[in-house]
Amino acid sequence: MQTSTCRLRPLAAIGDRLGRVARFAWSGWVGLAGLSVLAAIWQVGHETYGDFILPSPLATLEATIAILGDPEAWDILAETAARAVVGFGLSTLIGTGLGVAAGYSAASMRLARPLLTVVIGVPPIAWIVLAMIWFGSGDGTVVTTVLVASTPLIFVGAAEGILTRDRGLDAMARAFGAGPVKRLMTLGLRHVAAHLLPALVVSLGVAFKVAVMAELLANIGGIGSELAQARANLDIATALAWVLIAVGGLIAVEYGLVHPVRAELERWRTAAQPWGIKR
Amino acid sequence: MMALALQRIGHAYFGRTVLDAVDLCVGTGEVVALVGPSGSGKSTLVHIAAGIIDPVRGKVQRSYRRHGMVFQDPHLLPWATARGNIAYPLRMTRMGRRDRQDRVARAAALTALEEDHLDKYPVELSGGMRQRTAIARALVVEPDFLYFDEPFTALDVALKRRMQDLVIDAAAAAHFAAIFVTHDLMEAARVAHRIAVLDVNGRGVAGSRPLPGDPGTRSDRAVFDLVQGFLTDDPLFRHINDIDERTAA
């Protein structure tokens, strides 16, 4: 009996995973319903204020499809996405590293708190101006602004994760001979992940928004520059279409990458929920 | 043959002395129940013995190969299944996957955990099952010494008894030595070869009493008489049930 269950376990695991993917996809209907409500309100606004102030959702969708039909648009989208993702990746590395260190050392956490308040308090727009002076008109400006805007969030998430770790688990690991590195790898980081993932989701959104803003203000290509041009031409439909594309890119990254990782890490939480409210 | 020798152990938390000059020896295959009033530093002493905290003074001499530990709170990883939790101590060793699985299966069998329990997360298990998992985790390293830090205090009476039987049987089968911290004399009289009583203020071991026969061979009547005898006639146990929760830290 022992061997048969062993042989069946991989199959069962695959079935389990497929089930979770299907459940996740099915939950997409709820998201779609929410978006439909937004579109309906949008339509009301369009019918009240007319085409010039607010083009209809359908017209915007058509403009979006027209833009996406042009291969050049994909290059523009890729440019913005690359800047946002590089900035996001760097701030994840830096924020997580510093946050974990600060979580373990109470003294550096105290030192870091006022610094964080200062960094969070300075508006991103001020950073854009500084970054433009320092780096000129190029990728560096956008990446720096994204880095400054999203690192504090990730830092706080990582530090909170370490600070709120279960000391009892640490004691247990020590009793079984786990050294500091082993404890960090098997307990610390695992606990940090639970706090870090929500922070990552938020800062990924921040990264895209700030990247577009920096591009618009510094006029250095990407979606931001296209928005600036649409504004200059008073082409509201195109402007909205670019917004839609930026949001679409963000949604693709979030649901294609962040949520599946999270679902995999948080399986035990789903197991804790009573039957019937698993989504 | 000594399995563990604690010499002149002293410890303090933020300047407040909780243990001072404690000497305690445990022989190979001997189960010692460590009792004492609340706040006498029993837990601190086993934590020191198990290497979780370093003592301020004194020396710990371990002559056994490997130890395992069971805590009052099961301390299971919430994100791992029972199987993953039992296998956790094996991650500190360089053991192959197949060997690990075999060890987990053996430890689970010793604690009567069934296959479908092993794939559940701790949140899906009852309190007794969680403690069973924690015991299996302690046994998976095939220890010759076990530390029990008030493991069954939070369990109800019937469950407590079953868990004690589990420990008695496992100790008989694997011949491990153990320190079993408890404040329940009945429990101490059931599971141990010897009862050591910690001084009220943690200033050394006040004394110890060997128990007749092996654990598991004593009848309920005998256990009850033993405990009554200790409480009424033996001055060593005079302060055992003293507790002042206002001064207890």
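## A walk through the two chains

With 15 C-beta neighbours inside 10 Å, B:Ala21 counts as partly exposed. Select that residue to get going. B:Ala21 sits in strand S2 of chain B, which covers residues 16–27. Look at the backbone here: the phi of B:Ala21 is positive, about 50 degrees, although the residue is not a glycine. Before you move on, keep in mind that everything on your screen is a predicted model.

**Stop 2: another alanine**

Now jump to B:Ala112. Is B:Ala112 buried or exposed? This alanine is exposed, with 12 other C-beta atoms within 10 Å. You'll find B:Ala112 in the loop between helix H3 (97–110) and helix H4 (115–118) of chain B. Its phi is positive too, at about 55 degrees, and again the residue is not a glycine.

**Stop 3: step back and take in chain B**

Zoom out and show chain B on its own. You should be able to pick out eight helices and nine strands. The radius of gyration of chain B is 18 Å, close to the 18 Å that the globule rule gives for 249 residues, so chain B is as compact as a globular protein of that length. If you turn the chain along its principal axes, the C-alpha atoms fill a box of roughly 50 × 45 × 40 Å. Of the 249 residues here, 43% count as buried. Count the contacts between residues at least 6 apart in sequence, and 73% of them join residues at least 24 apart.

Colour by confidence if your viewer can do it. Chain B averages a pLDDT of 89, and 97% of its residues score at least 70. The model as a whole scores ipTM 0.87 and pTM 0.80.

**Stop 4: strand S8 and its partners**

Select residues 194–198 of chain B, which make up strand S8. Four of the five residues in S8(B) are buried, so the strand is largely enclosed by the rest of the structure.

Which way does strand S3 of chain B run against S8(B)? Strand S3 (residues 31–35) pairs with S8(B) in the parallel sense, over four bridges. To see the match-up, show B:Leu34, which stands opposite B:Ala196 in S8(B).

Next, add strand S9 of chain B, residues 205–210. S8(B) and S9(B) run antiparallel, joined by five bridges. Here the pair to show is B:Arg194 and B:Pro210, which stand opposite each other. S8(B) and S9(B) form a hairpin with six residues between the strands, and B:Gly202 takes a positive phi near 75 degrees there. While you have side chains on, remember that in a regular strand they alternate between the two faces of the sheet.

**Stop 5: inside the core**

Keep B:Leu34 selected and add B:Ala178, B:Ile179 and B:Phe180. In the largest nonpolar core, which has 77 residues, these four touch the most other members. What does B:Ile179 touch? Leaving out residues up to four places away in sequence, B:Ile179 touches B:Val26, B:Val32, B:Leu34, B:Val46, B:Ala49, B:Tyr147 and B:Phe148. Apart from that core lies another, of 51 residues, and its members include A:Phe88, A:Val100, A:Ile162 and A:Ile245.

**Stop 6: over to chain A**

Bring chain A into view. How many helices and strands does chain A have? There are 12 helices and zero strands. Along its principal axes, the C-alpha trace of chain A spans about 70 × 50 × 35 Å. Buried residues make up 33% of its 279 residues.

For a close-up, select A:Glu226 in helix H10 (residues 222–232) of chain A. With 24 C-beta neighbours inside 10 Å, A:Glu226 counts as buried. Setting aside residues up to four places away in sequence, A:Glu226 touches A:Ile76 and A:Trp242. Try a distance check to A:Glu215 as well: the two glutamates are 11 residues apart in sequence and 9.1 Å apart in space, C-alpha to C-alpha.

**Last stop: where the chains meet**

Show both chains together. Here 16 residues of chain A are in contact with 17 residues of chain B. On the chain A side, helix H8 (167–175), helix H9 (180–218) and helix H12 (267–272) each supply at least two residues. H8(A) gives the most to that side, with six residues. Colour the side of chain A that touches chain B by class and you'll get nine nonpolar, four polar and three charged residues.

Notes
Residues numbered from 1 in each chain as written. Chains lettered and ligands numbered in written order. Predicted model: local features only at pLDDT ≥ 70, side-chain atom pairs only at ≥ 80, totals over all residues. pLDDT = per-residue confidence, 0-100. Contact = placed C-beta atoms within 7 Å. Nonpolar A, V, L, I, M, F, W, Y, C, P; charged D, E, K, R; others polar. Core = buried A, V, L, I, M, F, W, Y, C linked by C-beta atoms within 7 Å. Buried ≥ 20, exposed ≤ 12 C-beta atoms within 10 Å, placed from the backbone. Rg over C-alpha atoms; globule rule 2.2 N^0.38 Å. Pairing = 2+ DSSP bridges.
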